[in-house]
Amino acid sequence: MSQFRIQNLNLYYGSFQALKGVNLDIPERRATAFIGPSGCGKSTLLKTLNRMTDLVEDCRVEGKVLFDGKNILSRLTDVNTLRRRVGMVFQKPNPFPMSIYENIAFGPRTHGVRKKEELDELVERSLTEAALWGEVKDRLRKSALGLSGGQQQRLCIARALAVQPEVLLMDEPTSALDPISTARIEELVLGLKREYTVVMVTHHMQQAKRVSDRTVFFLLGEVVEAGDTERLFSSPQDARTGDYINGRFG
Amino acid sequence: MRRGQTFERLMQTVFFLCACVAVASVILICIFLFSGGAPALKEIGVLRFLTGRRWEPGRETFGVLTMIAGSFAVTLGAVLLGVPVGILTAVYLSFFCPPKLRRVLRPAVDLLAGIPSVVYGFFGLTVLVPAVRRLFGGSGYSVLAVSAVLAIMILPTVVSVSESSLSAVGDGYYEGARALGAGHERSVFRVMLPAARSGISAAVTLGLGRAIGESMAVVMVAGNQAIFPKSLLVGTRTLTSNIVLEMGYAADLHADALIATGVVLFVIVMLNNLIFALLRRRRMKK
């Protein structure tokens with residue numbers, strides 16, 4: 001089953017065209033990696049999937065992105081509901097400057113959860129899912145900014161999971177982290193993709209290989225090639241894909 | 001090479017001397033104030049001076065309690081009126097204002113800071129005092145009128161300090177909140193505003209300092225009776241206006257008592273800054 005069907009998507013920042021005629025299906029409960037050199041449009045496409053592109057001034061989108069059969073680019077889409085269902089983790093860990101508990105509770109509160117027991121349970125469950133519960137359960141009321149970079153990123157993952165999304169978008173989630181923290185996040189993603197659809201932008205080809213089931217290669221705003229990760233890395237069908245994954249450019 | 005070094009050393013000395021001017025001024029003011037105020041405090045007695053309700057220079061009776069109360073009342077009023085308006089203005093300018101309007105509003109707020117206090121006093125005298133008289137009765141010279149004038153005077157400080165602390169908050173927080181499905185308002189008020197709270201409390205402290213230290217505008221609208229500010233509509237006298245009103249003709253113990261009034265004011269302002277610094281340190285630790 002496809003979680004997203006992207007049909008003939010064009011995206012412009014002012015007069016610059018960042019995405020050109022993208023057609024792509026993203027499968028449900030799999031990890032999909034977006035790879036490609038800087039400025040190829042992979043992050044832009046990721047942000048289109050939860051309409052974070054709305055925050056960019058002068059950004060114009062044409063085409064369709066079907067999520068659950070409905071075009072989310074339509075004006076009638078409630079972006080706040082969409083973003084509850086399609087969560088996002090950013091390149092730089094961005095926990096709010098409040099306590100660990102409050103960070104996690106912010107999302108559920110936004111969507112109407114008020115009861116303390118319910119919030120407590122969500123906090124524990126999402127922190128456990130993000131493999132952080134054991135490390136922070138005794139200091140839930142302490143500031144989230146006191147955590148290490150890797151812990152902060154796992155907190156952000158927990159925060160995204162707390163609103164019970166179906167999809168998790170990850171925009172180079174390990175690029176600001178050390179190798180050990182990176183390994184922990186990758187391990188986490190391998191578990192999460194059983195429950196959630198994961199879409200991850202990465203600069204790191206080894207990471208795409210380790211974590212994802214499908215890989216999409218972007219170049220200059222176009223999708224050059226998409227396919228099963230193993231197949232794409234072992235026998236790329238487009239010469240440009242081969243050149244990129246063999247490190248001849250990028 | 002050698003010339004460069006000599007020049008550098010020379011400039012270092014110049015910068016050092018500049019820094020000394022500020023420090024020396026503070027020290028000199030402290031010495032002047034405390035040595036000038038000490039004789040009066042000794043003669044009258046610190047406790048009697050601070051808790052005395054009567055200020056009658058003719059009878060050599062000097063108590064500043066009513067003025068301490070007056071200063072607190074008008075400052076509190078100014079903060080209650082001015083701070084919410086100032087913070088919300090800063091929020092509007094940072095997150096809601098169309099850029100075109102911002103280009104007009106921002107300089108307008110800054111301009112407010114440049115208006116001399118005597119002009120504020122005049123505005124209070126000709127607009128606010130009659131307005132209070134018409135709306136609530138009485139003479140119009142009142143705690144309420146002073147608070148309103150001071151509230152306007154602290155606006156530019158509160159707005160510009162709050163705004164710069166709001167814009168110093170990283171965009172990452174805003175994006176994080178929006179990505180969780182929070183709307184613009186919720187993201188601004190529940191994430192961005194709390195994230196800027198240390199800067200905003202600095203804004204409040206600076207505003208408070210400005211309000212408590214203002215004299216000219218206060219004298220013009222306060223009525224200046226040395227009585228307890230029992231209601232918002234009675235006149236009042238503050239520590240600052242007490243000095244301004246009487247320094248011109250005071251002599252001997254009277255003059256010293258006025259300097260001692262300055263000491264009290266100085267100590268209050270220092271306490272204000274100290275409390276602020278302590279609050280900030282506690283928050284940092286957390």
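In this predicted model, strand β3 of chain A, residues 31-35, is joined to strand β9 of chain A, residues 214-219, by four bridges, and the two strands run parallel. Within this pairing, F34(A) has V216(A) in β9(A) as its bridge partner. Both strands belong to an open sheet of six strands in chain A, which follow one another in the order β6-β7-β8-β3-β9-β10 with mixed pairing. The edges of that sheet are formed by β6 (86-89) and β10 (222-228) of chain A, each of which pairs on one side only. Neighbouring strands of the sheet are turned against each other by 15° on average, with direction ignored.

Strand β7 of chain A, residues 167-171, is mostly covered, since five of its five residues are buried. The cover extends to both faces of β7(A): V167(A), L169(A) and D171(A) are buried on one side, and L168(A) and M170(A) are buried on the other. On its pairing with β6(A), β7(A) runs in the parallel sense over four bridges, and V86(A) stands opposite V167(A) there. With strand β8 of chain A, residues 197-201, β7(A) pairs in the parallel sense over five bridges, and in β8(A) the bridge partner of D171(A) is V201(A). The connection between these two strands involves helix α7 of chain A, residues 179-192, and β7(A), α7 and β8(A) together make a right-handed β-α-β unit.

Helix α8 of chain A, residues 205-211, contains Q207(A). Because the limit for a buried residue is under 20% relative accessible area, Q207(A), at 2% relative accessibility, counts as buried. The side chain of Q207(A) makes a polar contact of 2.9 Å with the side chain of E186(A). When residues up to four places away in sequence are not counted, Q207(A) touches T174(A), T182(A), E186(A), M200(A), T202(A) and S212(A).

A further open sheet in chain A is made of four strands in the order β2-β1-β4-β5, and its pairing is antiparallel. Its edge strands are β2 (16-27) and β5 (70-71) of chain A, each of which pairs on one side only. The pairs within this sheet are set out below.

| Strand pair | Bridges | Residues standing opposite |
|---|---|---|
| β1(A) and β2(A), antiparallel | eight bridges | I6(A) and L24(A) |
| β1(A) and β4(A), antiparallel | eight bridges | F4(A) and F67(A) |
| β4(A) and β5(A), antiparallel | two bridges | F67(A) and K70(A) |

F67(A) therefore appears in two of these rows, as it stands opposite F4(A) in the pairing of β1(A) with β4(A) and opposite K70(A) in β5(A).The strands β1(A) and β2(A) also form a hairpin with two residues between them, and in the turn G14(A) has a positive phi of about 60°. Strand β2 of chain A includes G21(A), which, at 32% relative accessibility, counts as partly exposed. The C-alpha atom of G21(A) is separated by 4.5 Å from that of N8(A), although these residues are 13 residues apart along the chain. Leaving aside neighbours within four places in sequence, G21(A) is in contact with N8(A), L9(A) and N10(A).

Chain B contains twelve helices and two strands, and read along the sequence it follows the pattern α-α-β-β-α-α-α-α-α-α-α-α-α-α. Its C-alpha atoms fill a box of roughly 70 × 70 × 35 Å, taken along the principal axes. Of the 286 residues of chain B, 42% count as buried. Among the contacts in chain B between residues at least 6 apart in sequence, 70% join residues at least 24 apart.

Helix α9 of chain B comprises the 17 residues 197-213, and because 1.5 Å is expected for a residue, this helix should span 24 Å, which agrees with the 24 Å between its end C-alpha atoms. The buried residues of α9(B) include G199(B), I200(B), A202(B), A203(B) and T205(B), and also G207(B), A211(B) and I212(B). As background to such a pattern, an α-helix has 3.6 residues a turn, so residues three or four places apart point the same way.

Note on methods. Residues are numbered from 1 along each chain as its sequence is written. Chains are lettered from A and ligands numbered from 1 in the order in which they are written. This is a predicted model: local features need pLDDT of at least 70, side-chain atom pairs count only at pLDDT 80 or more; totals for chains, interfaces and linings use all residues. Side-chain values use heavy atoms; hydrogens and water are left out. The expected span of a helix is 1.5 Å times one less than its number of residues. Buried means under 20% relative accessible area, exposed over 50%, partly exposed in between (1.4 Å probe, protein chains only). Two strands pair if DSSP finds at least two bridges between them. Axes are lines fitted to C-alpha atoms, for helices over the stretch in contact, and angles run from 0 to 180 degrees between N-to-C directions. A crossover is right-handed if, with the strands pointing away from the viewer, the path from the first strand over the helix to the second runs clockwise. A polar contact is a pair of N or O atoms within 3.5 Å; within protein, one must be able to donate a hydrogen and the other to accept it, and residues adjacent in sequence count only if both atoms are side-chain atoms. Contact means heavy atoms within 4.5 Å.
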